[in-house]
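Work through the exercises below with the sequence and the coordinates open beside you. Each task is followed by a solution that proceeds step by step.

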Amino acid sequence: MQYKITKISGDASFREFYKIEKNSKFTILVKANKNKFRNLIIYAAINELLIKNKIKAPKLVQEYFVKNMMEIENLGSYSFLDHIKNKKNKLSDYKKLVELIIKLQKINFKKDIKFRYSKIKIKVKKHNLPELHKESDLFFDWYLKNNSKKKEFKKNKNKIKEELNILYKKLYFQEMCFVHRDFHASNIMVKHKKFGLIDSQDALRGNLLYDVASLIDDVRIKLPIKLKSSLFSYYLSKTSKIKKKTEKLLAQNDFDILSVQRNLKILGIFVRLFKRDHKLSYLKYLPYIWELLELRLKNPIFINLKYLLNIAVPTKNRKKVRFNDN
């Protein structure tokens, strides 16, 4: 059988992707240069779980785990970002993604996952307090460290981290459901008018509002504030897990806290991709990430955090990037 292999653009991970053409049919070869268990085995297992729950995800075609590779179904190269970016009326398409999140949240995700290619049961991680801090620490280790004077960095880091700890402890809808953890427009593929999910290897059990915040405050596409509010209201109207009026107020706080947490993390990740991996393209997102942070920091619960961030990263410095050689 004749086949052709072509390397294709990757993502923010250490994986490499190749398109395999066999008899005019296409599959994807995934090669993991690091973290084989997470990037291959866990990814394949989560995809299998999604498929069992009637959610489109790349099916495992052939495993080559001993060689740090696997062949998976090709969901195409047309993402939701491609689909939506030039549309004037985005609400109906985004509502379908909100419904997809609700479908994800109905998955039974409390037990360890059995996977036929792994002798070890895949443990379902929880998006708990240490995990939230581990993620937002990327902001300190990469963004703030490279944008601060050495004598100011440690003091600002400690104060902001203390305030984040207070905020994370206020989260209400914790460890309740399946969380994709990277639910944004570039990770949702569109094929035959159906949506498929990729990059699910970091899924865990966490807060109801995390994927909602990832979608609505996606750093890759600018949505009008009115549309953001409409989508949040639509989620609240459709989910069966948030019913009481008091819970809806708590949901807004959770959404804002998780949006801030996630976007601080992304600031760190994108600077790391530039500094460590020499991927310049991610820097273009930094000003908009700050816009999203400033939008959510209007919530009165952030009065202290807003003050501390203004000291650490003054507003005038947020649209430009200064990197130290720390």
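**Exercise 1. Decide from its relative accessibility whether histidine 192 is buried or exposed, and describe its backbone setting.**

The model is a predicted one, and the solution starts from the accessibility value. Step one: the relative accessibility of histidine 192 is 70%, and since a residue is called exposed over 50%, histidine 192 counts as exposed. Step two: in the chain, histidine 192 sits in the loop that joins β7 (188-191) to β8 (194-197). Step three: its phi is positive, about 55 degrees, although histidine 192 is not a glycine. Another residue to check in this way is asparagine 35, a residue other than glycine whose phi is positive, near 50 degrees; asparagine 35 lies in the loop between β3 (25-32) and α1 (36-52).

**Exercise 2. Classify glutamate 99 by its accessibility and relate its position to that of leucine 60.**

Step one: glutamate 99 belongs to helix α3, which covers residues 91-105. Step two: its relative accessibility is 37%, and because the partly exposed class lies between the 20% and 50% cut-offs, glutamate 99 counts as partly exposed. Step three: along the sequence glutamate 99 and leucine 60 are 39 residues apart, while their C-alpha atoms are 25 Å apart in space.

**Exercise 3. Characterise helix α4 by its span, its bend and its packing.**

Step one: α4 (residues 129-144) has 16 residues, and from its first C-alpha to its last it reaches 21 Å, close to the 22 Å expected at 1.5 Å a residue. Step two: α4 nevertheless bends by about 30 degrees, and the bend is at serine 136. Step three: Ser136 is itself one of the buried residues of α4, which also include Glu131, His133, Asp137, Phe139, Phe140 and Tyr143. Step four: the buried residues of α4 pack against α5 (150-168), β9 (204-206), α6 (210-216), α8 (245-275), α9 (286-296) and α10 (303-312).

**Exercise 4. Determine how the buried residues are arranged around α5 and around α10.**

Step one: α5 has 19 residues and reaches 27 Å between its first and last C-alpha atoms, close to the 27 Å expected at 1.5 Å a residue. Step two: the buried residues of α5 are Phe153, Asn156, Ile160, Glu163, Leu164, Leu167 and Tyr168. They cover an arc of only 135 degrees around the axis, which puts them on the same side of α5. Step three: the face turned away from that buried side carries the exposed residues Lys151, Lys154 and Glu162, whereas the cover over the buried residues of α5 includes α4, α8 and α10.

Step four: for α10, the buried residues are Leu305, Leu308, Leu309 and Ala312. Seen down the axis of α10, these residues fall within an arc of 100 degrees, so they line one face of the helix. Step five: Ile303 and Tyr307 are exposed on the other side of α10, while its buried residues pack against α4, α5, α8 and α9.

**Exercise 5. Assess the compactness of the protein as a whole.**

Step one: the protein has 10 helices and 9 strands. Its radius of gyration is 20 Å, close to the 20 Å that the globule rule gives for 326 residues, so the protein is as compact as a globular protein of that length. Step two: buried residues make up 52% of the 326 residues. Step three: of the contacts with a separation of 6 or more, 69% come from residues 24 or more positions apart.

How values were computed. Residues numbered from 1 in each chain as written. Predicted model: local features only at pLDDT ≥ 70, side-chain atom pairs only at ≥ 80, totals over all residues. Heavy atoms only, no water. Helix = DSSP H or I, 4+ residues; strand = E, 2+ residues; numbered from the N terminus. Expected span 1.5 Å × (residues − 1). Bend = angle between axes of the 7 residues up to and from the residue. Buried < 20%, exposed > 50% of the residue type's maximum accessible area, 1.4 Å probe, protein only. Contact = heavy atoms within 4.5 Å. Rg over C-alpha atoms; globule rule 2.2 N^0.38 Å. Arc of directions from axis to C-beta.
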